[in-house]
Amino acid sequence: MPPRDNPTARQVRLGAELRKLRERAGKTAREAAGRISTDQARISNIEAGRSGIGEERIRRLASFYACDDAALIDALCAISREHRGQFWWDEYRGVLPPGFLDIAELEHHASYMRSLQPVTMPGLLQTPEYARAMFELALPKLPDEEMEARVEHRMRRAAVLDREDPPEFAPIVHEAALRMRVGGRKVAHTQLEHLLESTDRPNVSLRVITFSSEQNVDMTHTALYAGGVVPQLDTVHIDAPTRTFYLDAEAELHRFRLLLDLGQTVALDPAESRSFIHHLARDM
């Protein structure tokens, strides 16, 4: 089978974790290839997410790398069993850019989520009108068909918060995001009311950092911290103006955990945040 052209973020992460295990064990790609009866090029493609790998081979490599973390091995095997067409977001393959599928995949598999929102509402808590107004800012202008597909996809993502065993979601939103009248006064007001309704969910705890806060928090870009089924699979998704990217190095994950902890300390608590949003909505 030829290498994949566009591996998913999960496939890339599987390969990255196998590479980390190999390097930690002090093994070469050539030695790993010999262990599973393949060639060095195939190992390179597996570790880049461009080639798949079966469960039996994952377990053989884990044994070769002296990895006895059963939970991690099981999680990697679970990723290897996933295939295209298995999940709802696969319907948008070829319709939307791959990044849209990757973020839906990340949220679906997260055991919990935390986010920093400097100037926009959390994607999972947006109204269709707010999302459409955001996508209308894209340059060059999006075709109508893609615009509607993006809005529909964003609304479907929110279902992860209402499933039978939903992840905990703890967004930290800056007051700047709440005050921006994206789409006009009516759209912005409806969005604030929707935020309040969203926090009725027991698994959603939203906090607001106000302009009056005297402690700064680095909220340069929107960031989502998604907890994996095991800590080694935690991932940070950064949404920058020109591109999105993923971080998984332990030092980077540690930095964002500290940043989110600081943000939580600086922000109003959930009850105070609800009251603050209520007053903003009333005055808008």
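This report walks through a few local features of a predicted model: a buried serine, a cis peptide bond, two unusual backbone angles and a pair of cysteines.

**Serine 115**

Let us begin with serine 115, which sits in strand E1, the run of residues 112-117. Is this serine buried or exposed? With a relative accessible area of 1%, serine 115 is buried, because that value falls under the 20% cut-off for burial. Its side chain has a polar partner in the strand's own stretch of sequence: a polar contact of 3.2 Å links it to the side chain of glutamine 117. Leaving aside residues up to four places away in sequence, serine 115 touches Phe169, Ala170, Pro171 and Ile172. Ala223, Leu224 and Leu260 are further residues on that list of contacts.

**Backbone geometry**

Now for the backbone. Most residues other than glycine have a negative phi, and most peptide bonds are trans. Here are some places worth a look with that in mind.

Which residues are joined by a cis peptide bond? Leucine 139 and proline 140 are, with omega at about -5 degrees. Proline 140 belongs to the loop that runs between helix H7 (128-135) and helix H8 (144-157).

Positive phi values turn up at serine 37 and at alanine 66, neither of which is a glycine. Serine 37 is in the loop between helix H2 (29-35) and helix H3 (40-47), while alanine 66 is in the loop between helix H4 (55-64) and helix H5 (70-81). Both residues count as exposed, because their relative accessible areas are over 50%. The table sets their values side by side.

| Residue | Phi | Relative accessible area |
|---|---|---|
| Serine 37 | near 55 degrees | 61% |
| Alanine 66 | about 60 degrees | 66% |

**Cysteines 67 and 77**

Right after alanine 66 in the numbering comes cysteine 67, and with it a question about sulfur. How many disulfides does the structure hold? The count is 0. A disulfide is a covalent bond between the sulfur atoms of two cysteines. Why does cysteine 67 form none? The closest cysteine sulfur to its own is that of cysteine 77, and it lies 10 Å away, too far for a bond, because a disulfide calls for sulfur atoms within 2.5 Å. Cysteine 77 is likewise in no disulfide, its nearest cysteine sulfur being that of cysteine 67.

As for their surroundings, cysteine 67 counts as buried at 15% relative accessibility, and cysteine 77 is buried too, with a relative accessible area of 0%.

Definitions and conventions. Residues are numbered from 1 along each chain as its sequence is written. This is a predicted model: local features need pLDDT of at least 70, side-chain atom pairs count only at pLDDT 80 or more; totals for chains, interfaces and linings use all residues. Side-chain values use heavy atoms; hydrogens and water are left out. Helices (H or I, at least four residues) and strands (E, at least two) are DSSP runs, numbered from the N terminus. Buried means under 20% relative accessible area, exposed over 50%, partly exposed in between (1.4 Å probe, protein chains only). A polar contact is a pair of N or O atoms within 3.5 Å; within protein, one must be able to donate a hydrogen and the other to accept it, and residues adjacent in sequence count only if both atoms are side-chain atoms. Contact means heavy atoms within 4.5 Å.
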